[in-house]
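Grab the model and work through these exercises with me. Each one sets a task and then solves it step by step.

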Amino acid sequence: MLRFMHERGGGQKQDEDEDEYFSFDGKVIVVELSRIDGETEDFEGRAWLESKVKNGCSVGWDLEWQPDRNKDQDNPVALMQFADETTCLLIRTHLTKNWLPASVLRCLLSDTCKKVGVGWDGPDKLKMYNTFNFAPAGIVDLALKAKAKRIPEQGLKSLTRHFGMNMKKDSKIARSNWAAPELSPEQIRYAAEDAYFSFLLLEKIEAVAEPLPDEEKAGFDQCNQGILELKPGWEEQGVMRKHDGLWCTWCEKGPMTVPMILEKHLEGKQHRKKVEEKKGIFGVGVGPTLPEEYADQGIVLGDDINGVKAGVFKCMLCDAGPLNSMTHIESHCNSKKHQKAINAPTVVDGDIVQKDPFAAMMWNLPDYVKVQDGTTLVCTLCPAKATAVLPMCLHLGGDKHARRCRNTVQEEIIYIKEKLRLESMSSGLPVVRTGFTMPKNATDENTSAAQKLAKKAQSTAKLDGEGQAVPESANSAPNLQPLPEGWEEHTDTKTGSKYFYDPRTGVSQWERPGAETKVRVTPEATAGAAAKVEVSEVPKVSTTVNANLKPLPEGWLEHTDEASGSKYYYDSRTGVSQW
């Protein structure tokens, strides 16, 4: 895919005119993000980029922005380049600012899809964070790799020349307006070749042999090189020979210049733990990384904070554990009990609806969860897939997804098993998808306690022949407690039953304050006329009014009931509401 190109620009020296330049001769795709469909997020080159992420392939990567002319300017990233040997994808972000499609985010946040460039830890890193509010994963800096191989050249242009590829980099194009309405052919060529040559250089630098230690610096002569030869079995345990000695890449320990020291390290507890993790053999108390497919099925690693003993694996979905090996975890996840729990039918308002319907719980899924082919739920942030609502909810409430939310400035959410729904970590309110509303049969903490109690009492109150409400039970009870401050006891003149009244709030009720709610109905007795509800509210917890109000405890919120105008209080953590 390389071709020679002669550049004969005016004003250049003759010897420069005759230089032969390598250039990119593949397919260039320019994508204007402001012109793509925000719903489908589809664009030319998306399939190519997603294939790189799926297969864990490296890509050349670079950023361009309109030059900052003074210290007070901070122009955002205007162009993002991805390239391999045949294709270059140029994504223009100058109008969409900090928005990126999910496919681009997945590429940037992938550890296995390496983004290769030069001089990342500088202006590029700062611009990326200032524009998009996160730092990509899987960055490979060619300058650092060249330095480790003792290659003196560490810039993009000088590195290409070092490996016999003379690229043309025009400083005028580099300082041009990358936020212009349309990119010029020169800008397109410049941007494509920056990413393209970065991609080519990675293979060439990695092919360079590790340099031998300098005798003066290493302190041993050539005959000592044999001492640091890799012995059989060392490489399988992550041992690598570098220019300054032997390194254990699994534990990131080194350099070790004496074989005895390395042997002691391989026998140590830390290294044996790494070996066990790599082999998938571990016991209670060992903390390996849990594979994503198991975490999405409700398997958690205890930390003494999440209700599970530290170092112990447990299935929160089936309440099964401890699970002390990967074999044990895999066996449980494939068991009939676990599969039945994963694919359990959804219950709505006491009725079992069709098996695992997305529609029944779609209102509670965040906007970035998409339905693929009508059979699969896809979290476009991570990405993660599930064929049922429950596994997806477990993923969305997990630690990995929480980290993605923080990196992409999304609101963190948590799955409440007792309520079978997702809630916001910050507000404690249910997650409601854009364009959806919470079903009436779902438990809604924002529905006032007074409205619930009034409806229940209104349906259970019994009316006599004249339309008069009659309480279900007598008010008398042994060992009656004194009435709270402000409450008064009265007798209904028509029924002879006692009721209680608080003149400060205007609340009246059949039961003594603090008892279960009843409804007192005042009829205007006419044939066929409906009874009129006068008051139906009773405090759930406390009826005492404190004139010197103290600050609300942590997690409690104050609300006003629309029906009565009275204030009530709601604990977002437990779902308890009270007057």
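**Exercise 1. Place Asn166 in the chain and find which side chain joins it in a polar contact.**

Step 1: Asn166 sits in the loop between helix 6 (156-162) and helix 7 (171-174). Helices here are DSSP runs of H or I with at least four residues, strands are E runs of at least two, and both are numbered from the N terminus.

Step 2: at 11% relative accessibility, Asn166 counts as buried. The cut-offs are under 20% relative accessible area for buried, over 50% for exposed and partly exposed in between, with a 1.4 Å probe and protein chains only.

Step 3: the partner is Arg161, whose side chain has a polar contact of 3.1 Å with that of Asn166. A polar contact is a pair of N or O atoms within 3.5 Å; within protein, one must be able to donate a hydrogen and the other to accept it, and residues adjacent in sequence count only if both atoms are side-chain atoms.

Before you go on: this is a predicted model, where local features need pLDDT of at least 70 and side-chain atom pairs count only at pLDDT 80 or more, while totals for chains, interfaces and linings use all residues. Residues are numbered from 1 along each chain as its sequence is written, and side-chain values use heavy atoms, with hydrogens and water left out.

**Exercise 2. Work out which parts of the chain the salt bridges of Glu44, Lys52 and Lys127 link.**

Step 1: set the rule. A salt bridge needs a side-chain nitrogen of Lys or Arg within 4 Å of a carboxyl oxygen of Asp or Glu. The structure holds 15 of these salt bridges.

Step 2: take Glu44, which pairs with Lys27 at 3.5 Å, N to O. Because Glu44 is in the loop between strand 3 (27-32) and helix 2 (46-55) while Lys27 is in strand 3, this pair ties together parts 17 residues apart in sequence. Glu44 is exposed, at 51% relative accessible area, and Lys27 is partly exposed, at 46%.

Step 3: move to Lys52, whose salt bridge with Asp84 has its closest N and O atoms 2.8 Å apart. Lys52 belongs to helix 2 and Asp84 to the loop between strand 5 (77-83) and strand 6 (87-92), so the two are distant parts of the chain, 32 residues apart. Both Lys52 and Asp84 are buried.

Step 4: finish with Lys127, which meets Asp74 in a salt bridge of 2.8 Å, N to O. Lys127 lies in helix 4 (residues 123-132) and Asp74 in the loop between strand 4 (59-65) and strand 5, so the pair ties together parts that are 53 residues apart in sequence. Lys127 is buried, with a relative accessible area of 6%, and Asp74 is partly exposed, with 45%.

Step 5: look for shared partners. Asp42, Arg46, Glu50 and Arg106 are joined into one network by salt bridges that share partners.

**Exercise 3. Describe the largest nonpolar core and what supplies it.**

Step 1: the ingredients are buried Ala, Val, Leu, Ile, Met, Phe, Trp, Tyr and Cys residues joined through side-chain atoms within 4.5 Å. The largest such core has 35 residues, and those with the most contacts inside it are Ile299, Leu365, Tyr368, Cys379, Leu396 and Leu422.

Step 2: elements that each supply at least two of its residues include strand 13 (313-315), helix 13 (326-333) and helix 16 (389-396). Helix 16 gives the most, with six residues.

Step 3: zoom in on Leu396. Leaving aside neighbours within four places in sequence, Leu396 is in contact (heavy atoms within 4.5 Å) with Leu365, Pro366, Tyr368, Val369, Cys379, His401, Ile413 and Leu422.

Step 4: apart from this core lies another, of 30 residues, among them Ala83, Val140, Trp178 and Ile205.

**Exercise 4. How many disulfides are there, and where is the nearest cysteine sulfur to Cys379?**

Step 1: a disulfide takes a pair of cysteine sulfur atoms within 2.5 Å, and the count comes to zero.

Step 2: for Cys379, the nearest cysteine sulfur is that of Cys382, 3.8 Å away. Cys379 is buried, with a relative accessible area of 0%.

Step 3: the sulfur of Cys405 is 7.0 Å from the closest cysteine sulfur, in Cys382, too far for a bond.
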